[in-house]
Amino acid sequence: MFEVHIGDLAELYVLGTLDAGEHAAVEAHIATCMQCLRRVGEAEETLLALERGDLAEPTPEFLDRRMRFGAPPARRYAALALAAAAGLVLGILTTLPGYFRPQASQDALLAMIHSHFNHAQFVPAGSPRAPSAKVVYAHDRSWLFVLADGSERYAVYAINGTASTRLGDLQPEGSTSSLYVAHVPAADAVELRDGETVVERAALR
Amino acid sequence: MRDSALERAFSERQSWAYEAAYRRFGARMYTTALRVLTDRGSAQDCVHEVMLHLWKRGDAYQAERGALEAFLVTCSRNRALERLRSAGRQADAMRRAATPDESEELMPDPIERERIARAIDALPVAQAQTIQFAYFKGMTHTEIASALGEPVGTIKSRLSAALRALRGSLVTADV
């Protein structure tokens with residue numbers, strides 16, 4: 001459709017004023033043209049600046065309706081009853097307070113119920129702000145669950161030798177924070193980081 | 001501040017990045033959709049549709065494009081406009097969009113609003129008018145051309161110039 005570049009259509013694409021055919025043509029073009037992709041990106045940043053004049057408060061239902069991508073399909077169990085039973089049987093109730101928070105720990109809870117796991121305490125790496133934290137992980141490393149005392153959104157990294165992979169950020173829920181990861185890369189340790197600073201580290205067996 | 005690790009992981013379709021992006025930018029996406037759709041349930045559905053569509057597609061975002069938040073907000077707005085147009089509720093939405101301050105859902109940021117208003121006021125009158133039609137009322141360039149009685153090509157050029165001018169006054173380096 002375009003002889004060279006999309007030109008002014010970049011801004012119109014972002015503003016949503018194009019018809020369906022033009023919209024699709026722009027998408028096809030920017031998939032292969034870095035110059036036009038960047039122009040579209042600049043227009044998107046302008047749109048975002050316009051959007052910052054307002055902020056709507058999402059409903060509680062919206063906030064609770066977390067999205068999962070690539071996680072196993074949710075199973076239809078009586079979750080809270082199983083949570084209580086599993087927690088008591090495994091003797092971890094007091095060390096894993098996040099389990100009884102619906103949404104945040106549901107996947108971790110189901111993973112624990114259906115697999116064997118280890119756990120390891122994080123050891124501070126010199127930071128005075130290091131919270132008490134623990135990682136629970138499957139024997140086969142198919143999942144891990146990090147829990148920390150405090151509401152800091154530390155980044156969680158999987159460490160494999162000298163390589164590191166960011167797994168996500170701790171998500172605060174009340175006075176604790178946690179992160180469940182469904183697919184864990186090869187790792188011999190897990191670190192909590194504040195920016196580039198390693199706050200603490202837990203060795204995996 | 002942009003999170004380059006998150007943006008890179010999102011472009012590589014890593015599940016944690018999609019979840020993190022949803023948590024971090026979902027509220028802004030929701031606001032954008034709500035402004036267009038003026039219905040909380042529809043706005044929520046719109047945001048989830050966008051995230052699931054991107055997850056299934058997998059290749060829509062590249063970090064070279066720009067800020068991930070800006071990309072997601074644009075997707076949210078475009079999807080909301082699609083829903084609106086496909087439902088044939090344009091006229092109703094335009095009527096309501098003309099009085100956005102009456103919405104109980106939107107909490108204005110007075111500083112940002114003032115900054116945006118000043119930036120739009122600084123545009124040439126014709127550019128400011130087309131931005132009002134396109135951005136605040138969600139009209140297509142064809143509809144704007146019809147409403148103003150001007151050629152479609154003129155409206156296209158004017159809209160493009162207006163948005164580029166606004167970038168100069170609204171976008172800071174840390175977006």
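In strand E11 of chain A, the residue that A:Val190 has as its bridge partner is A:Ala202, and I should say at once that we are looking at a predicted model. That pair belongs to the contact between strand E10, residues 189-194 of chain A, and E11(A), which run antiparallel to one another over 6 bridges. The two strands make a hairpin with 2 residues between them, and in the turn A:Gly195 has a positive phi of about 65°.

Staying with E11(A), which covers residues 197-203, we find that this strand also pairs with strand E3, residues 123-124 of chain A, again in the antiparallel sense and over 2 bridges. Here A:Glu200 in E11(A) is the residue that stands opposite A:Pro124.

Let me turn now to the open sheet, which in chain A is formed by 5 strands in the order E2-E4-E5-E9-E8, with antiparallel pairing. At its edges lie strand E2, residues 117-121, and strand E8, residues 171-173, each of which pairs on one side only. If we ignore direction, neighbouring strands of this sheet are turned against each other by 20° on average.

Within that order, E4 and E5 stand next to each other, and their pairing can be described in some detail: strand E4, residues 133-138 of chain A, meets strand E5, residues 144-149 of chain A, over 5 bridges in the antiparallel sense. Which residue in E5(A) is the bridge partner of A:Tyr137? It is A:Leu144.

As a general reminder while you look at these pairs, strands of a sheet pair through backbone hydrogen bonds, in either a parallel or an antiparallel way.

Note on methods: Residues are numbered from 1 along each chain as its sequence is written. Chains are lettered from A and ligands numbered from 1 in the order in which they are written. This is a predicted model: local features need pLDDT of at least 70, side-chain atom pairs count only at pLDDT 80 or more; totals for chains, interfaces and linings use all residues. Two strands pair if DSSP finds at least two bridges between them. Helices (H or I, at least four residues) and strands (E, at least two) are DSSP runs, numbered from the N terminus. Axes are lines fitted to C-alpha atoms, for helices over the stretch in contact, and angles run from 0 to 180 degrees between N-to-C directions.
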